[in-house]
2 protein chains.
Amino acid sequence: MKILVVDDDPDLLSLVGFALTQSGFVVVKAIDVPSALQVFAAESPDLAILDINLPGGSGFDICTAIRRQSRIPVMMLTARGEEEDLVRALDLGADDYLTKPFSPRTLLARARALLRRAGLETGGSMTVGSLRLDLEAHLLHVGAAQPVKLTKLESRLLQILIANAGHVVGTERLLTHVWGHRGSGDRQLLKQLVHRLRQKIEEDPAAPQVLQTVAGAGYRLEEKG
Amino acid sequence: MKILVVDDDPDLLSLVGFALTQSGFVVVKAIDVPSALQVFAAESPDLAILDINLPGGSGFDICTAIRRQSRIPVMMLTARGEEEDLVRALDLGADDYLTKPFSPRTLLARARALLRRAGLETGGSMTVGSLRLDLEAHLLHVGAAQPVKLTKLESRLLQILIANAGHVVGTERLLTHVWGHRGSGDRQLLKQLVHRLRQKIEEDPAAPQVLQTVAGAGYRLEEKG
DNA sequence: CCCGACGGTGACATTTCGGTAACATCCGCT
DNA sequence: AGCGGATGTTACCGAAATGTCACCGTCGGG
């Protein structure tokens with residue numbers, strides 16, 4: 001699991017780097033916007049932790065750039081009392097933020113939470129019940145039967161559902177995870193995607209057993225096989 | 001999960017109240033020391049968030065009073081750069097503090113952390129007597145029987161009633177919690193909602209055993225199973 | 001006794017929500 | 001350019017949720 005950390009303060013950078021490395025993460029660092037973008041492209045990390053105040057740019061720029069091509073979780077670091085910054089960060093698609101100063105333990109906990117939520121801590125495949133999803137090949141194995149081919153979006157949807165199997169995942173979260181941030185109006189897309197996914201994974205798509213609707217809330221994947 | 005928030009600034013009070021309510025907490029407020037103590041006694045919240053600077057007293061007094069009779073987690077709010085306050089707060093038994101200004105998200109995160117530490121985090125479900133309400137899935141389990149499906153509004157209503165089981169909850173509070181403020185004229189809505197909820201949860205909806213009417217005041221949920 | 005306030009109840013209107021289909025458009029690939 | 005699958009758009013259906021209305025009974029005070 002690779003994590004990109006961007007901050008212009010060397011002390012903080014090494015502290016955070018140490019904490020993360022200790023916990024078994026691979027850490028890549030950058031101290032300004034251009035190098036951050038370069039490292040991001042070169043290393044394709046699984047999580048980005050971005051300071052907002054950077055020389056010659058801001059974490060927002062990086063966040064925007066990352067979101068244009070990726071849906072990896074992004075955590076922003078802000079100085080205390082910069083409320084507008086937070087709003088903006090979340091608007092740009094950041095998933096979490098941390099106010100300085102923070103403890104390494106907090107950082108670790110949040111980072112883990114993000115990775116777990118995004119279903120990224122599993123590597124290349126995820127399992128629940130009799131389902132096994134292969135992220136790389138976009139294949140879904142149901143029991144011992146022939147694997148089903150999924151599209152990119154279907155795969156993402158299933159990914160977050162599996163990562164949260166047994167729990168309801170809210171519409172908003174699903175939209176963000178699958179499409180990256182966008183106005184909350186696009187429930188239609190989700191409807192369609194769910195519908196199409198059901199056609200592929202449900203025995204009887206008209207009476208879903210696996211991908212359950214939770215009215216007024218979101219969807220839930222049954223954990224049992 | 002009920003949270004007491006004490007601050008003399010109405011803006012901050014309503015902001016915090018809104019944030020917490022949105023996240024499914026039941027919020028009770030107070031703006032000075034005497035009313036805080038009174039509300040604390042009447043509502044027995046699970047967490048207290050106290051401003052330090054209050055007219056006619058200080059959050060310290062409240063903290064002390066609370067600690068005399070309860071071990072619920074207490075979070076103190078301080079203005080920036082009042083270091084001695086922090087020391088004193090922690091001495092008095094406060095569990096955490098937050099420096100103003102802070103973001104709602106931070107507050108939420110800390111509040112959750114405190115509740116978790118105190119072992120009070122319920123993970124989306126609440127229990128009273130033989131009732132168990134699953135907020136996530138909008139399901140109500142009655143004893144060992146089949147769970148009953150609730151609507152969003154029914155779920156919210158039951159949430160605040162369960163959080164206050166055994167105590168009367170005023171009509172006004174119910175309206176605010178369920179519909180998020182509107183002209184006080186809408187008692188009709190509440191009547192209907194209660195009626196519909198009774199159809200689902202009462203053995204004999206015409207003679208309510210669980211969801212009791214308290215004439216001229218509001219409703220009360222019986223605590224015993 | 002009548003009146004009005006209040007709560008309960010049933011019927012009905014309206015709105016919201018999810019599912020589905022059909023079609024349009026986009027995108028990568030050859 | 002042309003193809004085929006993937007994705008986005010629009011429209012419609014039907015059910016469920018929610019809001020409105022009208023009426024009933026009770027209770028307590030003129």
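No salt bridges are found across the interface of chain A and chain B in this predicted model. Polar contact between the two chains is limited to one residue pair, with both residues at pLDDT 80 or more. On the chain A side, two elements each supply at least two of the residues that touch chain B: helix α4 (83–91) and strand β7 (96–99). The residues on this side comprise seven nonpolar, five charged and four polar.

The size of an interface is often given as the accessible area lost when the parts come together. Here chain A and chain B bury about 1100 Å² between them. Carbon and sulfur atoms account for 46% of that area. Chain A contributes 16 residues to the contact, and chain B contributes 13 residues.

Both chains also approach DNA strand D. The strand is surrounded by 16 residues. The closest are T151 and R196 of chain A (A:T151, A:R196) together with B:T151, B:Q188 and B:R196. By class, this surface holds six nonpolar, six polar and four charged residues. Helices α6 (152–163) and α8 (187–201) of chain A each supply at least two of its residues, as do α6 (152–163) and α8 (187–201) of chain B.

Sugar or phosphate provides 48% of the strand D atoms within 4 Å of the protein, and bases provide the rest. Individual side chains reach both parts of the strand. An N or O atom in the side chain of A:W179 is 3.0 Å from a phosphate oxygen of DNA strand D. At the bases, a polar side-chain atom of A:Q188 lies 2.9 Å from an oxygen. For B:Q188, a side-chain N or O atom is 2.7 Å from a base nitrogen of DNA strand D.

Key:
Residues numbered from 1 in each chain as written. Chains lettered and ligands numbered in written order. Predicted model: local features only at pLDDT ≥ 70, side-chain atom pairs only at ≥ 80, totals over all residues. Heavy atoms only, no water. Contact = heavy atoms within 4.5 Å. Buried area = accessible area lost by both parts, 1.4 Å probe. Salt bridge = Lys/Arg side-chain N within 4 Å of Asp/Glu carboxyl O. Polar contact = N/O pair within 3.5 Å; in protein donor to acceptor, adjacent residues only side chain to side chain. Helix = DSSP H or I, 4+ residues; strand = E, 2+ residues; numbered from the N terminus. Nonpolar A, V, L, I, M, F, W, Y, C, P; charged D, E, K, R; others polar. Near = heavy atom within 4 Å.
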